[in-house]
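The following exercises introduce a protein model to a reader who has not met it before. Each task is followed by a solution in steps.

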Amino acid sequence: MKKKIIDYLVISIRLLLGALFINTGSMKFLGVKEDLDSPDFLEAGPAIIEFFRFMENTGEYWQFIGMGQLITGLLLFTQRFATLGAIIMMPISLNILMVQLTFNELVGYKILDICILLINILLLVYDREKLKYIFKTRKQLGLINLGKSR
């Protein structure tokens with residue numbers, strides 16, 4: 001029963017983060033510009049406004065970032081590839097957090113992005129059984145070494 005509740009919670013978190021990344025990624029990919037004159041941005045300070053203005057003006061690079069977020073969100077939406085989505089999400093969410101810590105004057109966005117990063121880590125911990133094979137040696141996995149031994 002407890003395991004089932006945790007499973008449903010993880011699925012809900014994957015869907016929520018997936019929707020978040022699909023939304024922000026598709027806006028970037030489609031070239032939709034942020035309203036940099038909105039009160040939210042003005043309160044965040046001039047550094048974050050200049051950062052977003054610069055990034056949006058890069059064109060294809062901004063769309064490339066959006067495509068990465070969009071693909072990550074879609075992977076999180078599937079249950080088959082959600083672990084891959086969580087792996088890909090880690091450097092993206094870490095980068096977003098660093099942008100907020102560096103440029104944004106509002107504490108709320110920093111807290112939100114710290115929470116997203118921690119949730120991402122929890123998703124990877126949940127999938128640790130799938131991920132443990134990445135870190136095992138060939139000997140631990142019981143694979144035969146076909147190469148020359150030194």
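A contact means heavy atoms within 4.5 Å. The model is predicted, so local features need pLDDT of at least 70 and side-chain atom pairs count only at pLDDT 80 or more, while totals for chains, interfaces and linings use all residues. Residues are numbered from 1 along each chain as its sequence is written, and side-chain values use heavy atoms, with hydrogens and water left out.

**Exercise 1. The whole chain**

Task: Determine how many helices and strands the protein chain has, and whether it is more spread out than a compact globule or not, from its radius of gyration.

Solution.
Step 1. Helices (H or I, at least four residues) and strands (E, at least two) are DSSP runs, numbered from the N terminus. The protein chain has 8 helices and 0 strands, and its pattern along the sequence is α-α-α-α-α-α-α-α.
Step 2. The radius of gyration is taken over C-alpha atoms, and the globule rule is 2.2 Å times the number of residues to the power 0.38. For 150 residues the rule gives 15 Å; the protein chain has 19 Å, well over that value, so it is more spread out than a compact globule.
Step 3. Along the principal axes, the C-alpha atoms fill a box of roughly 60 × 45 × 25 Å.
Step 4. Of the contacts with a separation of 6 or more, 64% are between residues 24 or more positions apart.
Step 5. Buried means under 20% relative accessible area, exposed over 50%, and partly exposed in between (1.4 Å probe, protein chains only). Buried residues make up 31% of the 150 residues.

**Exercise 2. Arg14**

Task: State where Arg14 lies, whether it is buried or exposed, and which side chain it joins in a polar contact.

Solution.
Step 1. Arg14 belongs to helix H1, residues 2-29.
Step 2. The relative accessible area of Arg14 is 5%, so it is buried.
Step 3. A polar contact is a pair of N or O atoms within 3.5 Å; within protein, one must be able to donate a hydrogen and the other to accept it, and residues adjacent in sequence count only if both atoms are side-chain atoms. The side chains of Arg14 and Gln79 form such a contact at 2.6 Å.
Step 4. Not counting residues up to four places away in sequence, Arg14 touches Leu76, Gln79, Ala82, Thr83, Leu123, Tyr126 and Asp127.

**Exercise 3. Helices H3 and H5**

Task: Find at what angle the axes of H3 and H5 cross, and which residues meet there.

Solution.
Step 1. Axes are lines fitted to C-alpha atoms, for helices over the stretch in contact, and angles run from 0 to 180 degrees between N-to-C directions. The axes of H3 (residues 46-57) and H5 (residues 82-103) come within 8 Å and cross at roughly 135°.
Step 2. H3 is therefore oblique to H5. Angles under 35 degrees count as roughly parallel, over 145 as roughly antiparallel, 65 to 115 as roughly perpendicular and the rest as oblique.
Step 3. From H3, Ala47, Ile48 and Phe51 meet Val99, Gln100 and Phe103 of H5. These residues divide into 5 nonpolar, 1 polar and no charged. In this scheme Ala, Val, Leu, Ile, Met, Phe, Trp, Tyr, Cys and Pro count as nonpolar, Asp, Glu, Lys and Arg as charged, and the others, Gly among them, as polar.

**Exercise 4. Three residues of H5**

Task: For Met89, Met90 and Leu97, give the relative accessibility and the contacts.

Solution.
Step 1. Met89 is in helix H5 and has 0% relative accessibility, so it counts as buried. Leaving aside neighbours within four places in sequence, Met89 is in contact with Leu17, Phe21, Thr72, Leu76, Ile116 and Asn120.
Step 2. Met90 is also placed in helix H5, but with a relative accessible area of 22% it is partly exposed. Residues up to four places away aside, Met90 touches Leu117, Asn120, Ile121 and Leu124. The C-alpha atoms of Met90 and Ile121 are 7.6 Å apart, although 31 residues separate them along the chain.
Step 3. Leu97, found in helix H5, counts as buried at 8% relative accessibility. Not counting residues up to four places away, Leu97 touches Lys110, Asp113, Ile114 and Leu117. Its C-alpha atom is 5.3 Å from that of Asp113, 16 residues away along the chain.
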